[in-house]
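Trainee: I'm new to this structure, and I'd like to learn how its descriptions are justified. Could we look at it together?

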Amino acid sequence: MSIVEDNKNLENLDRKYLWHPFTQMKEWQEETPVVIAEGRDCFIKDTYGRWYLDGVSSLWVNIFGHRKKEIDDAIRKQLENIAHSTLLGLSNVPAIRLAEKLVQLVDTSLSKVFYSDNGSTAVEVALKMAFQYWKNKGIDGRNTFISLRNAYHGDTLGAVSVGGIDIFHKTFEPLLFKTYKAPSPYCYRCELGKTYPRCKFACLGEMDRILCDHAGEIAGLIIEPLIQAAGGMITSPSGYLKGVRELCSKYNILMIADEVATGFGRTGKMFACEHEDVIPDIMCLSKGITGGYMPLAATLATDELSSAFLGEFGDMKTFFHGHSYTGNPLACAAALACLDLFEKEHVLENLKGKIAVLEAWLQEIVQLTHVGDVRNAGFMAGIELVEDKETKRPYDRKEKMGWRVAHCAREQGVFIRPLGNVIVVMPPLAISEQNLVQMMKVLKETIPAATGA
Ligand code: PMP
């Protein structure tokens with residue numbers, strides 16, 4: 001079979017057997033899928049040998065690029081020992097070593113690490129832990145949570161319950177548990193009709209009001225610190241996160257920081273909470289934890305929280321939760337290599353200059369006729385396309401404007417994936433300045449090409 005026949009065969013098998021996530025499969029079947037066969041540095045190569053810049057870090061997970069020698073070697077080395085053994089009733093070497101590193105890295109008051117294998121499960125664990133914490137303390141009635149509009153915490157039903165994006169979450173409403181929703185700190189489209197900073201954080205005022213009325217029913221608050229990512233790269237103004245922490249303390253509810261997207265350097269610091277000196281009671285980590293190599297997640301909890309689960313066998317204070325691949329040794333070995341690289345390659349130091357370059361390009365892009373707003377928290381950025389800049393009128397969803405830009409960019413060798421009308425810019429942290437500039441150049445050209453101005 002020739003290479004072309006082989007590729008066509010693969011494409012047909014994809015259409016026949018695969019159901020892709022977040023994808024209208026009718027449309028997918030009408031197009032030719034891009035099938036990735038290889039990766040190097042910040043680029044991915046399809047089966048025809050075409051290279052694309054990985055502008056979404058393979059869905060926000062990749063940090064050092066593909067085929068990073070140190071991570072490849074760490075996985076191979078671990079493979080020579082064992083690929084997997086369970087944490088239920090046993091422990092394993094890389095899981096122990098990584099837990100110690102994570103606690104040292106995050107903040108020693110978050111002193112216990114509970115592993116799972118993706119961002120959604122990290123959140124499920126956090127929600128269940130927070131809920132059971134109150135039960136174990138003998139305090140009843142804390143049966144709900146508060147979360148934000150435009151929040152995204154994953155696709156499992158607990159995570160969807162605390163989500164706030166109608167197009168993803170509304171269908172499942174009858175299956176979800178009740179939550180209170182606080183306003184999203186989306187200054188460009190403030191749902192309270194205010195303008196920052198004159199608003200004096202009216203959104204926090206609203207959160208305060210809900211907590212004042214309902215704190216006794218609420219186990220915890222969950223938030224994506226600094227930036228609501230899947231909601232459209234919505235950045236909160238400086239001081240907002242600290243205000244949220246203060247409210248959680250004031251009303252004695254647990255603060256859960258979902259750092260699944262923001263963790264491991266994405267915002268310019270190791271964790272987004274550091275920007276505002278916030279220490280949550282529970283922190284969810286995943287995505288970048290293995291440098292984008294293996295599925296792994298960790299939910300970190302304070303001593304105060306974990307000690308509420310201690311008791312005699314019959315006390316029923318045990319946390320009855322766990323997954324088959326919890327603490328997988330290959331994934332933990334990859335994560336350990338990844339954390340070593342953060343130090344060895346001075347990733348956060350080197351990122352500073354690149355964040356400045358990204359921000360300078362965003363300031364050029366915001367001048368375009370159909371760009372309403374640009375937002376970033378470090379190396380997580382969004383470009384919001386609008387039909388009318390004056391009135392901020394968005395493009396109708398059916399126009400698929402974000403996708404049209406993404407298609408144009410792909411033809412220019414840059415792979416990106418929009419969130420509705422928001423173009424996401426999320427290359428691997430290790431991208432060279434030259435490649436970053438190339439990516440931004442392509443976006444600056446393809447946005448007017450797709451929008452017609
Ligand atoms: N929380 C946040 C903040 C996320 O951005 C995501 C994924 N985009 C998740 C949770 C869910 O992670 P996963 O897709 O690994 O389940």
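Trainee: What makes Asp213 count as partly exposed?

Mentor: Asp213 has a relative accessible area of 46%. Buried means under 20%, exposed means over 50%, and partly exposed is in between, using a 1.4 Å probe and protein chains only. The 46% of Asp213 falls between those limits, so the label is partly exposed. Before we go on, please keep in mind that this is a predicted model, in which local features need pLDDT of at least 70 and side-chain atom pairs count only at pLDDT 80 or more, while totals for chains, interfaces and linings use all residues. Residues are numbered from 1 along each chain as its sequence is written, and side-chain values use heavy atoms, with hydrogens and water left out.

Trainee: How do you know that Asp213 forms a salt bridge, and with which residue?

Mentor: The partner is Arg209, and the closest N and O atoms are 3.5 Å apart. A salt bridge needs a side-chain nitrogen of Lys or Arg within 4 Å of a carboxyl oxygen of Asp or Glu, so this pair passes. Both residues sit in helix α9, four residues apart, about one turn of the helix. Arg209, at 44% relative accessibility, is partly exposed too. Elsewhere, Arg189, Asp373, Arg375 and Glu384 are joined into one network by salt bridges that share partners.

Trainee: How many salt bridges are there in the whole structure?

Mentor: A search finds 29. One of them joins Glu27 and Lys400, with closest N and O atoms 2.8 Å apart. Glu27 is in helix α2 (residues 25-30) and Lys400 in the loop between β14 (380-385) and α14 (401-411), so this pair ties together parts that are 373 residues apart in sequence.

Trainee: What makes something a helix or a strand here?

Mentor: They are DSSP runs numbered from the N terminus: H or I over at least four residues for a helix, E over at least two for a strand. Helices α4 (residues 69-81) and α12 (residues 329-344) are also linked: Glu70 and Lys344 form a salt bridge, with closest N and O atoms 3.0 Å apart, so parts that are 274 residues apart in sequence are tied together. Glu70 is partly exposed at 29%, whereas Lys344 is exposed at 54%.

Trainee: Which strands make up the open sheet?

Mentor: There are seven, in the order β4-β12-β11-β10-β7-β5-β6, with mixed pairing. β4 (110-116) and β6 (179-182) are the edges: each has a single partner strand, so one side of each is left without a neighbour in the sheet. Neighbouring strands are turned by 20° against each other on average, direction ignored. Helix α5 (residues 93-106) packs on this sheet and touches β4, β11 and β12 (297-302), while its direction makes about 135° with that of β4. Touching here means contact, that is, heavy atoms within 4.5 Å. The angles, on a scale from 0 to 180 degrees between N-to-C directions, come from axes fitted to C-alpha atoms, for helices over the stretch in contact.

Trainee: How do you know that β10 and β11 pair?

Mentor: Pairing requires DSSP to find at least two bridges between strands, and β10 (residues 254-258) and β11 (residues 282-285) have three, so they qualify, in the parallel sense. Ala257, for example, has Met283 in β11 as its bridge partner. β7 (residues 218-223) joins β10 through four bridges, also parallel, with Leu221 opposite Met255. In β7, six of its six residues are buried.

Trainee: Why is Asp117 described as having no salt bridge?

Mentor: Lys and Arg count as positive and Asp and Glu as negative, leaving out His and the chain ends. The nearest side chain of opposite charge, Lys128, is 13 Å away from the buried Asp117, so the 4 Å limit is not met. Asp117 lies in the loop between β4 and α6 (119-136). Leaving aside neighbours within four places in sequence, its contacts include Pro295, His323 and Tyr325.

Trainee: What is unusual to check in the backbone of Leu59?

Mentor: Leu59 has a positive phi of about 65° although it is not a glycine, and its place is in helix α3 (residues 57-60). At 43% relative accessibility, Leu59 counts as partly exposed.
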